[in-house]
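Visitor: Hello! I am new to protein structures, and I would like to learn how to read one. Could we go through it feature by feature?

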Amino acid sequence: MSILAEKIQDNRFLRLIAEALKAGYLEDWRWNPTLSGTPQGGIASPILANIYLDRLDKFVEDKLLPAYNRGENRRTDKTYKAISYQIARAKIGQKTEELAQLRKLKRITPCLDPYDPDFRRLRYIRYADDFILGYAGPRSEAEKIKEVLREFLRDNLKLEMSEEKTKITHAGYDAARFLGYEIFTLRDDQKLTNGRRAVNGRIGLKVPYEVITDKCAQYMQNGKPVHLAKRLNHDVFDIIEQYQAEYRGLVEYYRRAYNLRIVGRLKQVMEVSLVKTLANKLRISRSQVYDRFAQSLSTDEGPRKVLRHEVAREGKKPLITQWGNISLKWDKRANIREPARFPWDERVQLIDRLLADTCELCGSQENVEVHHINHMKTLWKDGRKAPEPWKVWMASRRRKTIVVCRAHHKDIHFGRPVVSLLKNTGEPDDTKVSSPVRRGADGKVS
């Protein structure tokens, strides 16, 4: 609170934060007091953690980095320099056999001295309450850095460094785990670019094998892929769409990993599970599933086999979903790309609501869109005593989605009152409006 008070002079806001930190929490419908920390999963917890740990960032920036960064470049390795001199003499004397041996020896010798006492590099990255430091220097100095950080966290921020998660590893032999990636330094004396070794010493990212194993286990039983019974009540469109979204999300997150192709194992398992789920849903064989849904698409990387499903709509383009056609090509500069897709409703099939193509608040069939929320609790975040009818309607049906026209969608996002055909009970009000409600360009309701 003292850190917040340094920059914020609104006492009402500060009091609100202080009360939220002491509000306690419910577990098994029993209230428990908050003894320390911020609420886990709370909407303000991430930004409060960033504000609090800004002190750590400034300490590393102002104290550690200047103390442990020195030197412009590493000095040339003496052995490498001597081999280069011998190669030059062998060329002059035309000693072919000796020249070949010297070139092989040069290939496996570092050109720069890895133990240069006048060169040190320290790098620091933090994400929420996880941070990682990369240090080019002896282990004894890395131990000192760890102790300095431990003392600062304990004395200044009253935090304890996790012994289980905090460790010192050699990046060339034991990868460090950070944000789900394995991080280590690459080494390959045979990988040449323009006649030079271009990989050695560079940072590499990998997909941990445990991630693939754990993800595959969600679609397997007794070591074999199985159908997912909980999805049999969904429409075929929803089943394929959900499998595709889960697979695409993992691939896009690990797009920067150079061993991304091991995710192909997960694709095989998920595809068999998907086909078995569709076969159980439609009461047909797996081969008949492929006969019905399999297609070949031409892509920049050649033809790809996919499972494709179309739902026709009168007077409009069909709704299309497909499984497959996701490249496993490594891209070290990739950004996470997750195109906007439809959420799933456990009780009412989304495909039926999309095909209806009607605003569920006013009956309009123009510019229909889907509004969705992440958690049901967000419906009551404004704290109003009398929630709007559309919120009551969503809450009573435990729906996280509602199909609305574009005008109502904008009203919801901008916090404006929503004029609808629903009563406060969440049921349609036939006596209130007899025709669909439409909002003009000037914002007026007609």
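Guide: Gladly! Let's begin with aromatic rings: rings of Phe, Tyr and Trp form a pair if their centres lie within 6.5 Å, and planes over 60 degrees apart count as edge-to-face. Keep in mind that this is a predicted model. Here Tyr 181, Tyr 253 and Tyr 254 come together as one aromatic cluster.

Visitor: How many aromatic pairs does the structure hold?

Guide: There are nine aromatic pairs. Take Tyr 68 and Tyr 135: their ring centres are 6.0 Å apart and the planes meet at 85°, so this pair is edge-to-face.

Visitor: Which parts of the chain does that pair tie together?

Guide: Tyr 68 belongs to helix α3 (residues 45–68), while Tyr 135 sits in strand β4 (residues 130–136), so the pair links parts that are 67 residues apart in sequence. Both Tyr 68 and Tyr 135 are buried. Another edge-to-face pair is Tyr 253 with Tyr 254, at 5.1 Å centre to centre and 90° between the planes.

Visitor: Are Tyr 253 and Tyr 254 buried or exposed?

Guide: For this we look at relative accessible area: buried means under 20%, exposed means over 50%, and partly exposed is in between. Tyr 253 has 34% relative accessibility, so it counts as partly exposed. Tyr 254 has 5%, so it counts as buried.

Visitor: Now the sheets, please. Where does Tyr 181 from the cluster fit in?

Guide: Tyr 181 is in strand β6, where it stands opposite Phe 178. Strand β6 (residues 181–185) pairs with β5 in the antiparallel sense, over three bridges. These strands belong to an open sheet of three strands, in the order β5-β6-β9, with antiparallel pairing.

Visitor: Why is one side of β5 and of β9 left without a neighbour in the sheet?

Guide: β5 (176–178) and β9 (203–206) stand at the edges and have a single partner strand each, so one side of each has no neighbour in the sheet. From one strand to the next, the twist averages 35°.

Visitor: Can we try the same reading on another sheet?

Guide: Yes, let's do that. Another open sheet of three strands has the order β12-β13-β14, again with antiparallel pairing. Its edge strands are β12 and β14, each pairing on one side only. Neighbouring strands in this sheet are turned by 50° against each other on average, direction ignored.

Visitor: How many bridges join β12 to β13?

Guide: Six bridges join strand β12 (residues 294–299) to β13, and the two run antiparallel. One bridge partner to look for is Pro 303 in β13, which goes with Ser 298. Following the chain, β12 is joined to β13 by a hairpin through two residues.

Visitor: And what should I look for between β13 and β14?

Guide: Strand β13 (residues 302–313) and strand β14 (residues 316–323) pair in the antiparallel sense over six bridges. Look across the pairing: Arg 308 stands opposite Gln 322 in β14, and His 309 stands opposite Thr 321 in β14. β13 and β14 also form a hairpin, with two residues between them. In its turn, Gly 315 has a positive phi of about 75°.

Visitor: Let's look at the outside next. Which residues make the nonpolar surface patch?

Guide: A patch gathers residues with over 30% relative accessible area, and nonpolar side chains are joined within 5 Å. Here Leu 26, Trp 29 and Trp 31 make a nonpolar surface patch of about 500 Å². Leu 26 is found in strand β1 (residues 25–27). At 56% relative accessibility, Leu 26 counts as exposed.

Visitor: One last feature: how do I read a distance between residues that are separated along the chain?

Guide: Compare the separation along the chain with the separation in space. Lys 81 and Cys 111 are 30 residues apart along the chain, and their C-alpha atoms are separated by 7.7 Å. Lys 81 is found in helix α4 (residues 78–93). With a relative accessible area of 53%, Lys 81 is exposed.

Visitor: Thank you! I will go back to the structure and find each of these.

Conventions: Residues numbered from 1 in each chain as written. Predicted model: local features only at pLDDT ≥ 70, side-chain atom pairs only at ≥ 80, totals over all residues. Heavy atoms only, no water. Patch = residues over 30% accessible without salt bridge, like charges linked within 9 Å, V, L, I, M, F, W, Y side chains within 5 Å. Areas by Shrake-Rupley, 256 points an atom, 1.4 Å probe, with all protein chains shown as cover. Salt bridge = Lys/Arg side-chain N within 4 Å of Asp/Glu carboxyl O. Helix = DSSP H or I, 4+ residues; strand = E, 2+ residues; numbered from the N terminus. Buried < 20%, exposed > 50% of the residue type's maximum accessible area, 1.4 Å probe, protein only. Pairing = 2+ DSSP bridges. Axes fitted to C-alpha atoms, helices over the stretch in contact; angles between N-to-C directions. Phe/Tyr/Trp six-rings, centres within 6.5 Å; stacked < 30°, edge-to-face > 60°.
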